[in-house]
Amino acid sequence: MLKLGGRIIEIKSLEEKPSVLYKISTNPLLPTILASSRAFLVSSNNIPDGYAHYLFQDGFHQFYNALSRETSYTLLPPEYHYLSHDDVISVSNKNLRVLYRKASLQNSILVTEQCNHYCLMCSQPPKNTDDSWMLEEIKHLIPLIHQDTKEIGFTGGEPTLYKERFLDILKLTKNHLPNTAIHILSNGRSFKDIEFAKKYSEIDHPDMMVGIPIYSDDPTIHDYIVQSPGAFEDTLMGVLNLKRLNQKVEIRVVLHKQSLPRLVQLAEFIGRNLLFVDHVALMGLEMMGFTRANLDSLWIDPFEYKDVLSEATQILATYGINVSIYNHQLCLVNNDVMPYYRKSISDWKNEYADECDGCSKLSECGGFFSSGIKYGYSKNLKRFN
Ligand code: SF4
């Protein structure tokens with residue numbers, strides 16, 4: 001698992017602001033006007049003048065002595081070996097966070113930790129504190145992101161709780177990154193408000209999608225899973241409003257003990273009532289946040305539900321819906337779902353089990369969340385020869 005942030009003892013920051021964003025450069029010949037706002041990644045004793053900050057990779061820490069006393073720098077621990085040109089970091093007093101990696105296809109930006117749901121399997125448990133500083137940070141981050149970036153995700157908490165301020169972030173992203181697809185993880189309830197949904201649609205982004213969870217065709221089960229009465233109805237209204245306005249919508253279903261008993265009925269429900277959605281993702285469970293606390297009432301070995309997964313997938317496919325299976329291991333699904341199987345776990349938290357050593361399909365297999373390796377996974381793995 002890649003380390004994307006944490007406390008670092010050896011940071012010297014001259015800035016008085018709580019945190020400063022730097023785009024990283026490895027180019028010693030960068031014009032001073034650009035260098036003066038960037039961080040130079042030191043990997044030799046060739047240290048150019050004029051950068052705002054210096055990052056010393058592990059193995060090159062001794063060269064920081066060459067800096068003048070008024071220079072800010074970070075001595076990076078070995079876990080940050082992956083940092084490279086055009087990545088973006090935030091540096092504050094004794095803390096470093098990696099906000100964007102150019103090499104990654106799965107850059108996801110946390111908009112808020114606040115949420116109006118309290119899902120049993122939430123991987124990012126909500127916090128009820130004012131974190132609007134994140135929006136301000138994102139405004140600084142977006143212009144630093146490389147223009148060739150294929151996709152940016154916005155996640156939470158519930159990003160739309162910030163309403164117009166979140167829409168402003170989307171507009172800013174469209175302006176700076178016109179060729180970058182946007183994916184938003186939302187519970188969809190804000191879009192029940194048709195005026196908000198209209199303002200969202202007026203951004204008129206050519207490639208922007210909202211991923212919205214629906215966990216059951218039975219409202220009481222959905223509301224129980226998200227721990228919020230009335231959620232099912234609001235979410236469904238949100239989906240309908242977005243589609244009425246020709247916006248792209250993905251339905252996300254996390255598979256666990258609470259959602260699986262009616263997965264087949266949910267597939268039928270989507271086929272009959274939401275045939276117009278753009279994508280349905282059937283997703284394996286991530287062992288983070290509340291999932292670990294609620295493990296007994298959530299976890300099922302994917303081997304045990306593979307026939308149900310096949311049936312639900314075939315129903316959706318038969319309706320002509322674009323369906324994908326995310327976060328599953330290749331040896332734990334039936335062959336008939338292979339056309340829908342995707343490697344989906346973000347690169348920074350994707351690992352394989354010891355049992356996978358020597359598996360001939362490892363490169364095609366989605367593997368595990370790092371948390372799954374740590375807290376438990378199926379005993380039914382079967383290496384391919
Ligand atoms: S054994 Fe092979 S197919 Fe099964 S999880 Fe490991 S890599 Fe994937």
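The second largest pocket in this predicted model has a volume of about 390 Å³. A pocket here is an open set of points on a 1 Å grid over the protein atoms alone, with protein on both sides within 12 Å along at least five of seven lines, and its lining residues have an atom within 4 Å of a point. Volume is the space filled by probe spheres set on the points, with grid points joined across faces, edges and corners. Of the 15 lining residues, Ser19, Val20, Leu21, Glu137 and His140 sit closest to the pocket's centre. Strand S3 (19-25) and helix H2 (133-141) are the elements that each give two or more residues to this lining; helices (H or I, at least four residues) and strands (E, at least two) are DSSP runs, numbered from the N terminus. Domain 1 (5-100) and domain 2 (107-375) each supply at least three lining residues, with the domain bounds taken from an automatic or database assignment.

A few ground rules help here. Residues are numbered from 1 along each chain as its sequence is written, and side-chain values use heavy atoms, leaving out hydrogens and water. Because the model is predicted, local features need pLDDT of at least 70 and side-chain atom pairs count only at pLDDT 80 or more, while totals for chains, interfaces and linings use all residues.

Next comes strand S13 (residues 248-254). Six of its seven residues are buried (under 20% relative accessible area, 1.4 Å probe, protein chains only), so S13 is largely enclosed by the rest of the structure. S13 runs parallel to strand S12 (residues 208-213), joined by five bridges; strands count as paired if DSSP finds at least two bridges between them. In this pairing, Val210 has Val249 of S13 as its bridge partner. S13 also pairs with strand S14 (residues 279-283), again in the parallel sense and over five bridges, and there Val254 is matched with Met283. Together, S13, helix H7 (residues 263-273) and S14 make a right-handed β-α-β unit, meaning that with the strands pointing away from the viewer the path from the first strand over the helix to the second runs clockwise.

What about enclosed space? The structure holds two cavities of 30 Å³ or more, a cavity being a set of points where a 1.4 Å probe fits but cannot get out. The largest cavity has a volume of about 190 Å³. Its lining has 22 residues, with Leu285, Trp299, Pro302, Asn327 and Gln329 nearest the centre.

Terms used. Buried means under 20% relative accessible area, exposed over 50%, partly exposed in between (1.4 Å probe, protein chains only).
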